[in-house]
Amino acid sequence: MFRILLFVSFMVSGILSAQNLHPVSLEIIPLYKGKPIIISEENPVITDVETSLEISKLKFYLSHFEFYSDDKLAFSEENSYHLMDGSDEKSMKITFSFPENIKFNTIKFYLGIDKKTNSEGIRGGDLDPAKGMYWSWQTGYINFKLEGKSNLSSARNHEFSFHLGGYSDPYYATQQITLAATSAEKVILYMDLDQFISKVNLARQNNIMIPGKESVELSKIISTIFRTK
């Protein structure tokens with residue numbers, strides 16, 4: 001009888017716990033000059049006619065999500081590592097399970113993977129090296145990938161490739177981003193890629209594939225192109 005009562009109590013507790021959670025979704029929308037863009041490696045679309053800009057690949061990590069009410073932490077996601085792929089609409093949406101009545105007005109997260117996780121070596125899920133976002137144990141995860149073509153690029157076939165990352169000082173590339181966000185069941189996170197492209201000299205900077213000073217500098221620029229409005 002005791003075991004039965006214990007089992008029933010456990011089941012009721014689980015049901016009540018589930019009922020006290022509600023989903024909050026976050027969607028990332030890449031933009032170019034204010035317009036959503038289509039990203040496809042197989043069929044790249046010209047995003048900017050003037051520069052013949054094509055973006056064929058956009059992949060990046062967002063991690064360590066925290067939600068604050070003023071300066072007080074309201075919610076943080078455990079094991080918070082998300083690989084975003086601009087060519088996969090589903091991957092650009094994250095759903096959090098919030099306790100009821102949680103309010104927030106600020107979101108904090110990392111662009112990239114933190115130093116501790118990098119130093120611990122490879123993992124599974126979105127951190128699986130098979131996802132194509134891992135260099136080696138020496139250099140760790142690639143935080144951000146952007147590939148495409150533009151007539152501004154002096155490289156072969158006018159291509160450009162930015163694979164940005166690095167977790168060893170002095171070239172620690174991961175950036176923390178803080179944004180205002182009103183409590184809602186859905187939060188839209190915009191990503192203004194034109195603001196990044198306009199600040200890069202594609203004639204000179206068109207093939208950055210290893211950790212270093214340029215990787216850190218460009219990562220800092222990318223951290224400024226996210227917004228919630």
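What is the mean pLDDT of the chain, and what share of its residues reach 70 or more? For this predicted model, the mean comes out at 91, and 92% of the residues get to 70 or more. One stretch is another story: over residues 5-18 the pLDDT is below 50, and beyond near neighbours in sequence this stretch has zero contacts in the model. Where pLDDT is low, the predicted coordinates should not be read in detail. The rest of this passage turns to other parts of the chain.

A good place to start is strand E10, which covers residues 140-149. Nine of its 10 residues are buried, so E10 is largely enclosed by the rest of the structure. Several strands pair with E10. Strand E4 (residues 53-69) pairs with E10 in the antiparallel sense, over six bridges. To see this pairing in the model, look for Ile-55, whose bridge partner in E10 is Gly-148. Strand E11 (residues 159-165) also pairs with E10 in the antiparallel sense, here over seven bridges. In that case Phe-144 can serve as a landmark, with Leu-164 as its bridge partner in E11. Strand E9 (residues 134-136) runs antiparallel to E10 too, and two bridges join them. Ser-136 stands opposite Gly-140 of E10, and the link from E9 to E10 is a hairpin through three residues. As a reading aid for strands like these, in a regular strand the side chains alternate between the two faces of the sheet.

Strand E11 deserves a second look, and Phe-160 is a handy way in, since this residue sits in that strand. With a relative accessible area of 1%, Phe-160 is buried. So what does Phe-160 touch, not counting residues up to four places away in sequence? The list takes in Leu-53 and Glu-54, then Leu-146, Glu-147, Gly-148, Lys-149, Ser-150 and Ser-153, and finally Leu-202 and Asn-206. Gly-148 turns up here as a contact of Phe-160, and it is also the bridge partner of Ile-55. Another landmark is Ile-208: it is 48 residues from Phe-160 along the chain, yet the C-alpha atoms of the two are separated by 8.5 Å.

Next comes helix H4 (residues 213-222), where Ser-219 has its place. Is Ser-219 buried or exposed? Its relative accessible area is 3%, so Ser-219 counts as buried. A polar atom of its side chain lies 2.7 Å from the backbone oxygen of Ser-215. Leaving aside neighbours within four places in sequence, Ser-219 is in contact with Leu-111, Leu-164, Ala-173 and Gln-175. Leu-164 in that list may ring a bell: this residue of E11 is the bridge partner of Phe-144.

Then there are the charged side chains. How many salt bridges does the count come to? The tally is nine. One of them is between the side chains of Lys-33 and Asp-48, at 3.2 Å from N to O. This pair links distant parts of the chain, 15 residues apart: Lys-33 is in the loop between strand E1 (21-32) and strand E2 (35-36), while Asp-48 is in strand E3 (residues 46-48). The two ends of this bridge sit in contrasting surroundings. Lys-33 is exposed, at 53% relative accessibility, whereas Asp-48 is buried, at 8%.

A salt bridge also forms between Lys-115 and Asp-169, with the closest N and O atoms 3.1 Å apart. Lys-115 is in helix H2 (residues 115-119) and Asp-169 is in the loop between E11 and strand E12 (175-180), so the pair ties together parts that are 54 residues apart in sequence. Lys-115 is partly exposed, with a relative accessible area of 32%, and Asp-169 is exposed, at 60% relative accessibility.

Helix H4 comes back into the picture through Glu-214. Arg-204 forms a salt bridge with this residue, and the closest N and O atoms are 3.4 Å apart. Arg-204 lies in the loop between helix H3 (193-197) and strand E14 (207-208), with Glu-214 in H4, so this pair ties together parts that are 10 residues apart in sequence. At 57% relative accessibility Arg-204 is exposed, while Glu-214 is partly exposed, with a relative accessible area of 32%. Finally, Lys-116, Glu-120 and Arg-123 are linked in a network of salt bridges.

Conventions: Residues are numbered from 1 along each chain as its sequence is written. This is a predicted model: local features need pLDDT of at least 70, side-chain atom pairs count only at pLDDT 80 or more; totals for chains, interfaces and linings use all residues. Side-chain values use heavy atoms; hydrogens and water are left out. pLDDT is the predictor's confidence in each residue, from 0 to 100. Contact means heavy atoms within 4.5 Å. Buried means under 20% relative accessible area, exposed over 50%, partly exposed in between (1.4 Å probe, protein chains only). Helices (H or I, at least four residues) and strands (E, at least two) are DSSP runs, numbered from the N terminus. Two strands pair if DSSP finds at least two bridges between them. A polar contact is a pair of N or O atoms within 3.5 Å; within protein, one must be able to donate a hydrogen and the other to accept it, and residues adjacent in sequence count only if both atoms are side-chain atoms. A salt bridge is a side-chain nitrogen of Lys or Arg within 4 Å of a carboxyl oxygen of Asp or Glu.
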